[in-house]
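Colleague: I have a structure open and would like to go through it with you. Can we take it in short steps?

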Amino acid sequence: MRRRLGVMGGTFDPIHHGHLVAASEVAHLFALDEVIFVPTGQPWMKEGRKTSPAEDRYLMTVIATASNPRFSVSRVDIDRPGKTYTIDTLREMREIHGPDAELFFITGADALAEILSWRDADELFNLAHFIGCTRPGHNLADPGLPGGGVSLVEVPALAISSTECRERVLAGEPVWYLVPDGIVQYINKRGLYRDD
Ligand SMILES: Nc1ncnc2c1ncn2[C@@H]1O[C@H](COP(=O)(O)OP(=O)(O)OP(=O)(O)O)[C@@H](O)[C@H]1O
Ligand SMILES: O=C(O)c1ccc[n+]([C@@H]2O[C@H](COP(=O)([O-])O)[C@@H](O)[C@H]2O)c1
């Protein structure tokens with residue numbers, strides 16, 4: 001049997017329940033054997049703003065996914081020097097998991113809408129099937145990747161963003177239940193998001 005692998009890329013600054021619910025629902029709908037969360041190294045589309053150290057974002061992703069036997073975390077994007085491009089992520093995933101693995105790249109509606117501006121967009125669909133998930137406040141539409149290969153799916157709607165979580169911590173407001181308990185504790189322990 002070919003292994004069906006989901007790849008959930010994100011900056012995860014911090015990881016929140018919107019990410020986890022989307023990954024879990026897609027794993028269910030597409031009968032995925034595993035979902036590999038891949039924190040970005042240098043997210044070039046977020047260059048104008050402050051991003052937490054990659055090791056903090058990696059550790060938060062490990063903490064948030066540890067209890068799910070189908071979830072794992074890869075360091076490929078944070079260990080590759082330079083800006084993070086999904087074309088490189090998917091090539092590396094293919095190398096690691098071999099020619100028989102079926103790759104499914106999972107993305108929210110907002111990220112999917114930008115996909116034609118990603119590096120080597122016309123090659124992306126050769127490397128994975130793309131799955132676009134609904135996200136409150138964003139329209140979900142097929143971006144028209146050359147060659148197709150995009151599925152649009154509805155996932156339980158959670159109007160949570162990492163930006164809102166960071167802003168709430170800065171303002172001294174609670175993020176309990178927006179992020180897993182271990183992430184609240186990690187943010188406090190490391191003093192993340194306390195200054196802008
Ligand atoms: N609430 C959500 N529901 C569905 N998909 C989501 C949700 N939040 C994020 N995603 C998707 O998860 C992926 C990683 O998102 P990312 O780490 O940039 O989080 P974010 O909340 O969008 O962050 P920020 O607010 O800092 O831009 C993207 O494909 C994004 O569209
Ligand atoms: O390949 C690109 O050019 C590209 C441009 C923007 C975003 N991405 C990827 O899309 C995923 C979500 O990104 P972000 O910035 O919304 O956290 C993450 O895996 C990024 O590496 C990829």
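Colleague: By class, what does the shell around ligand 2 have?

Modeller: It has seven nonpolar, six polar and two charged residues. Ala, Val, Leu, Ile, Met, Phe, Trp, Tyr, Cys and Pro count as nonpolar, Asp, Glu, Lys and Arg as charged, and the others, Gly among them, as polar. Before we go on, this is a predicted model, where local features need pLDDT of at least 70, side-chain atom pairs count only at pLDDT 80 or more, and totals for chains, interfaces and linings use all residues. Residues are numbered from 1 along each chain as its sequence is written, while chains are lettered from A and ligands numbered from 1 in the order in which they are written.

Colleague: Which residues are the closest to ligand 2?

Modeller: Gly9, Thr11, Tyr85, Thr86 and Trp118, out of 15 that surround the ligand. A residue is near a molecule or strand if its C-beta atom, placed from the backbone, lies within 6 Å of it. Strand S1 (4-10) and helix H4 (86-97) each supply at least two residues of that shell. Helices (H or I, at least four residues) and strands (E, at least two) are DSSP runs, numbered from the N terminus.

Colleague: And how many residues surround ligand 1?

Modeller: 18, and the closest are Gly10, Gly18, Gly108, Ser162 and Thr163. Two or more residues each come from helix H1 (17-29), strand S4 (102-108), helix H5 (109-113) and helix H7 (162-170). H1 gives the most, with three residues. By class, the shell around ligand 1 has six nonpolar, nine polar and three charged residues.

Colleague: Changing topic: in what order do the strands of the sheet run?

Modeller: The order is S3-S2-S1-S4-S5-S6, in an open sheet of six strands with parallel pairing. Two strands pair if DSSP finds at least two bridges between them.

Colleague: Which strands stand at the edges?

Modeller: Strand S3 (71-73) and strand S6 (150-153). Each has a single partner strand, so one side of each is left without a neighbour in the sheet. From one strand to the next, the twist averages 25°. Axes are lines fitted to C-alpha atoms, for helices over the stretch in contact, and angles run from 0 to 180 degrees between N-to-C directions.

Colleague: Over how many bridges do S2 and S3 pair?

Modeller: Three, in the parallel sense, with S2 at residues 34-39. In S3, Val73 is the bridge partner of Phe37.

Colleague: Which strands does H1 touch where it packs on the sheet?

Modeller: S1, S2, S3, S4, strand S5 (129-133) and S6. Two residues are in contact if their C-beta atoms, placed from the backbone, lie within 7 Å. The direction of H1 makes about 160° with that of S1. Helix H2 (residues 54-65) also packs on the sheet, touching S2 and S3.

Colleague: What about the whole protein, how many helices and strands has it?

Modeller: Eight helices and six strands. The radius of gyration, taken over C-alpha atoms, is 16 Å. The globule rule (2.2 Å times the number of residues to the power 0.38) gives 16 Å for 196 residues, so the protein is as compact as a globular protein of that length.

Colleague: Last topic, the backbone. Which residues does a cis peptide bond join?

Modeller: Asp13 and Pro14, with omega about 5°. Pro14 lies in the loop between S1 and H1. Ala31, in the loop between H1 and S2, has a positive phi of about 50° although it is not a glycine.
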